Every structure is written in C-alpha cells, then in structure tokens.
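Student: I would like to go through this model with you, starting from charged contacts and ending with the packing.

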Amino acid sequence: RSPPLPENYGMLFMFSDTQPRTFWMKDMNFALDMIWIRDGKIVAISANVPPPAQTNGQPQIVPVTESSNWVLEVPGGYAANHNFQVGDSITITR
C-alpha cells in the first residue's frame with residue numbers, strides 16, 4: 001500500500017506524444033485529482049478519483065477524451081482547493 005501524497009507534491013507522467021490517455025489505478029489507496037495537460041495547458045481534470053477500495057476492489061480506470069502529453073496526479077481535492085481550471089497554463093519546475 002502506498003502512503004498518501006504530501007499536500008504540495010504530485011506525480012508527473014510525461015509522454016513524447018500527444019493523445020488521449022487512460023490510466024489504470026490498480027494499487028492506489030487514496031483519492032487523486034488527475035490533471036490532464038497538453039502543451040502546458042490544462043485540458044481536463046478528473047477530480048477525486050476514488051481508490052479501488054471504494055469501487056468494490058476493482059481497479060479504477062480513468063480515461064479522458066482530450067489529448068494530453070502530461071498527466072499530473074495530486075492529492076484528491078487539490079485542483080479545487082487551488083482553483084485549477086481547464087485552460088489554465090501549467091509550469092512544471094524540478
């Protein structure tokens with residue numbers, strides 16, 4: 001089991017191409033917001049994606065129809081708490 005993400009941390013998945021993505025949340029045990037990003041702009045937000053324990057133990061499959069080349073996973077509720085909106089620009093710093 002993985003521990004929850006700290007409040008100001010996330011996991012960024014970067015892809016070399018831009019296409020609709022599907023994520024399979026097999027071993028998550030806490031809710032996530034998934035921020036779908038194309039060329040530095042938010043194209044979709046999947047808010048409070050529940051862990052499999054809340055979906056009868058079935059892995060949560062999260063598709064999005066918008067093309068993206070980055071997917072940022074943050075703690076559930078983070079997008080709303082920080083007023084993220086589709087169309088917002090995102091800058092990733094390391």
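**Salt bridge and cores**

Student: Which residue forms a salt bridge with aspartate 17?

Tutor: This is a predicted model, in which local features need pLDDT of at least 70, side-chain atom pairs count only at pLDDT 80 or more, and totals for chains, interfaces and linings use all residues. Residues are numbered from 1 along each chain as its sequence is written, and side-chain values use heavy atoms, with hydrogens and water left out. A salt bridge needs a side-chain nitrogen of Lys or Arg within 4 Å of a carboxyl oxygen of Asp or Glu. The closest N and O atoms here are 2.8 Å apart, and the partner of aspartate 17 is arginine 21.

Student: Is arginine 21 buried or exposed?

Tutor: Buried means under 20% relative accessible area, exposed over 50%, and partly exposed in between (1.4 Å probe, protein chains only). Arginine 21 has 8% relative accessibility, so the residue counts as buried.

Student: Which strands each supply at least two residues of the largest nonpolar core?

Tutor: Such a core is a set of buried Ala, Val, Leu, Ile, Met, Phe, Trp, Tyr and Cys residues joined through side-chain atoms within 4.5 Å. This one has 14 residues, and Phe23, Met25, Leu32, Met34, Trp36 and Val62 touch the most other members. Strands are DSSP runs of E, at least two residues, numbered from the N terminus. Those that each supply at least two core residues are β1 (11-25), β2 (32-38), β3 (41-49) and β4 (60-75).

Methods. Helix = DSSP H or I, 4+ residues; strand = E, 2+ residues; numbered from the N terminus.
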